[in-house]
Amino acid sequence: MKKELINELFQKFENACYLFNEIECWSARELQEILGYSKWDNFMKVVEKSKAACTNAGEKVSDHFADVGKMVPLGSGAEREITDLALTRYACYLIGQNGDSGKAEIAFAQTYFAVQTRKQEIIEQRLLDVARVSAREKLSKSEKKLSGIIYERGVDDKGFASIRSKGDQALFGGFSTHDLKRKLSVPGGKPLADFLPTLTIKAKDFATELTSHNVVEKDLKGENSISKEHIDNNLAVRKMLIERGVKPESLPPSEDVGKVKRRLEGDAKKVLKDAKKLKGKKKKS
């Protein structure tokens, strides 16, 4: 996510915050607009999912989603009341979790409402952490998909491990998986990908997806032909990186993605633990 967009969204969320019954809240109507939902009905679908998640967490919906009325001007100069909700930070966090993760605004909201100290540098780092964890999970799914495809074409688990290792060797300029793990000081028994930076994880994922696609399209069978395909795809991805000035084997290792994921999950627990409640009180704004 670009820094300019982060700055813009940060200010929007900060400006939308107000006090309701002495609790920090956000208006659902304003949040709908900030999160890029053009229709109230579509946004309310996300809100209803979030209410269900609130209940499943053992929380009272009325403690975090308070019905309030909001006056809006009409063309005649008069005003009319429309429905609105006062949302606590926890409610907004749940909306972020249940919204369309493809929206940049939703991705930002997931982090903004997950951290208690709203400092941009903390938010920026957490967004990077979320992106890395997501990339790692995506790579795992891609590898599982490829494993399933080639299993049907005569390649067992041992063969898949060999294919994946040869792909790594092609991507990392001759370094085998074992060599690179030693170079990056990856603990024994830990996957190499858990210590790679986001860019390299995505590079491995792209090459893996290419292999899955071409194995089917070219109707490849057997370890040798599939291995060659995977090597070629990793070499192609490496060529692209090198042309852009990136040597994947020279990038420094990143923090164990497992630790990053646990830290993110810890943030989620803190949101619930520190949740301030509206106690079901109603008030017209």
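Below, a biologist and a modeller talk through the terms used for this predicted model.

Modeller: Before we start, residues are numbered from 1 along each chain as its sequence is written. In this predicted model, local features need pLDDT of at least 70 and side-chain atom pairs count only at pLDDT 80 or more, while totals for chains, interfaces and linings use all residues, and side-chain values use heavy atoms, with hydrogens and water left out.

Biologist: Happy with that! Why is Asp 168 called buried?

Modeller: Buried means under 20% relative accessible area, exposed over 50%, and partly exposed in between, with a 1.4 Å probe and protein chains only. Asp 168 has 5%, so it counts as buried. This residue lies in helix α7 (residues 157-171); helices are DSSP runs of H or I with at least four residues, strands are runs of E with at least two, and both are numbered from the N terminus.

Biologist: What does Asp 168 touch?

Modeller: Leaving out residues up to four places away in sequence, Asp 168 touches Phe 175, Thr 177, Leu 192 and Lys 204. Contact here means heavy atoms within 4.5 Å.

Biologist: And what makes a space in the structure a cavity?

Modeller: On a 1 Å grid over the protein atoms alone, a cavity is a set of points where a 1.4 Å probe fits but cannot get out. The structure holds 1 cavity of 30 Å³ or more, and the largest has a volume of about 70 Å³. Grid points are joined across faces, edges and corners, and the volume is the space filled by probe spheres set on the points.

Biologist: How do you know which residues line the largest cavity?

Modeller: Lining residues have an atom within 4 Å of a point. Among those lining the largest cavity are Phe 160, Arg 164, Asp 168 and Lys 204. Helix α7 gives the most to this lining, with 4 residues.

Biologist: Lovely. Now, why are β1 and β2 said to pair?

Modeller: Two strands pair if DSSP finds at least two bridges between them. Strand β1 (residues 17-20) and β2 are joined by 4 bridges, so they meet that rule, and they run antiparallel. Tyr 18, for instance, has Cys 25 in β2 as its bridge partner. The two strands form a hairpin with 2 residues between them, and Asn 21 in the turn has a positive phi of about 55°.

Biologist: How many residues of strand β2 are buried?

Modeller: In β2 (residues 23-27), 4 of the 5 residues are buried, so the strand is mostly covered.

Technical notes:
On a 1 Å grid over the protein atoms alone, a cavity is a set of points where a 1.4 Å probe fits but cannot get out, and a pocket is an open set with protein on both sides within 12 Å along at least five of seven lines; lining residues have an atom within 4 Å of a point.
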